[in-house]
Amino acid sequence: MGEINDGLERALRTRPLPGSVTARLGFLLRLEKGSTKRLAGVLGVSQRTVQRWVTPGPGRRPPGAVQRRVIEDVVRARWQPRIRERLRVRAEERGLSVHARARFGFASAAGSSDDPAGG
């Protein structure tokens, strides 16, 4: 079910997500009106950690792999909310059709009722 939801989310987006971690943090910081304290609460880290991530320069400390995943998930959840809602409402009004194709194969003993070669 996760793949279907991911596919629907990709179809509803009009612009790609910010690519780099720095751009994603900048986006989240703008949403929180520049408050590193509120952003830290959203990401589940300390305020000082967020300050280290967003500080430019040679002493900048990038987030680890787990934190990058959390940042990506938060950005994905908050990216273009009005456009997603408008497209979702339109899809609900018109209906949503999903085309899927599947192939089921199996092997059975020769002569059984499930034998594809036999009748």
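# Helix 3 and its surroundings

Start with the outward side of helix 3. Lys-37 and Gly-41 are exposed there, on the face turned away from the helix's buried side. Keep that face in view. I'll come back to the other one shortly.

First, some background. This is a predicted model. The protein has 6 helices and 0 strands. Read from the N terminus, the order is α-α-α-α-α-α. There are 119 residues, and 24% of them are buried. The accessible surface is about 9100 Å². Carbon and sulfur atoms account for 53% of that surface.

Now contacts along the chain. Take contacts between residues at least 6 apart in sequence. Of these, 54% join residues at least 24 apart. Here is one pair to look at. Ala-23 and Val-54 are 31 residues apart along the chain. Their C-alpha atoms are separated by 9.8 Å. Ala-23 sits in helix 2. Its relative accessibility is 33%, so Ala-23 counts as partly exposed.

Back to helix 3. It covers residues 36-43. Which of its residues are buried? They are Thr-36, Leu-39, Ala-40 and Leu-43. Look down the helix axis. Those buried residues fall within an arc of 105°, so they line one face of helix 3. What do they pack against? Three partners: helix 2 (21-31), helix 4 (47-54) and helix 5 (65-78). After helix 3 comes Gly-44. The phi of Gly-44 is positive, near 80°.

Next, the core. The largest nonpolar core has 14 residues. Which of them touch the most other members? Leu-28, Leu-39, Leu-43, Ile-71 and Val-75 do. Helix 2, helix 3, helix 4 and helix 5 each give two or more residues to this core. Helix 2 gives the largest share, 4 residues.

Take Leu-39 by itself. It is a buried residue of helix 3. Set aside its neighbours within four places in sequence. Leu-39 is then in contact with Leu-25, Leu-28, Leu-29, Glu-32 and Val-50.

One name in that list deserves a stop: Glu-32. Where is it? Glu-32 lies in the loop between helix 2 and helix 3. Is Glu-32 buried or exposed? Buried, because its relative accessible area is 10% and the cut-off is under 20%. Which residues does Glu-32 touch, beyond those up to four places away in sequence? Arg-38, Leu-39, Val-42 and Arg-78.

Two of those contacts involve charge pairing. Side chains of opposite charge can pair when their charged atoms come close. The count here is 6 salt bridges. Glu-32 forms one with Arg-38, and the closest N and O atoms are 3.4 Å apart. Arg-38 has 44% relative accessibility, so it counts as partly exposed.

Glu-32 also pairs with Arg-78. Their side chains meet in a salt bridge at 2.9 Å, N to O. Why look at this pair in terms of sequence? Arg-78 is in helix 5, while Glu-32 is in the loop between helix 2 and helix 3, so the bridge ties together parts 46 residues apart in sequence. The two side chains also make a polar contact, at 2.9 Å. Arg-78 counts as partly exposed, at 31% relative accessibility.

Now stay in helix 5 for another bridge. Arg-76 and Glu-72 form a salt bridge, with the closest N and O atoms 2.6 Å apart. How are they spaced? They are 4 residues apart in helix 5, so about one helical turn separates them. Arg-76 is partly exposed, with a relative accessible area of 28%. Glu-72 counts as buried, at 18% relative accessibility.

This pair belongs to a wider set. Arg-24, Arg-69, Glu-72, Asp-73 and Arg-76 are linked in a network of salt bridges.

To recap. Helix 3 carries Lys-37 and Gly-41 on its exposed face. Its buried residues pack against helix 2, helix 4 and helix 5. Those helices, together with helix 3, each give two or more residues to the largest nonpolar core. Glu-32, in the loop between helix 2 and helix 3, forms salt bridges with Arg-38 and with Arg-78.

Definitions and conventions
Residues numbered from 1 in each chain as written. Predicted model: local features only at pLDDT ≥ 70, side-chain atom pairs only at ≥ 80, totals over all residues. Heavy atoms only, no water. Buried < 20%, exposed > 50% of the residue type's maximum accessible area, 1.4 Å probe, protein only. Contact = heavy atoms within 4.5 Å. Areas by Shrake-Rupley, 256 points an atom, 1.4 Å probe, with all protein chains shown as cover. Arc of directions from axis to C-beta. Core = buried A, V, L, I, M, F, W, Y, C linked by side-chain atoms within 4.5 Å. Polar contact = N/O pair within 3.5 Å; in protein donor to acceptor, adjacent residues only side chain to side chain. Salt bridge = Lys/Arg side-chain N within 4 Å of Asp/Glu carboxyl O.
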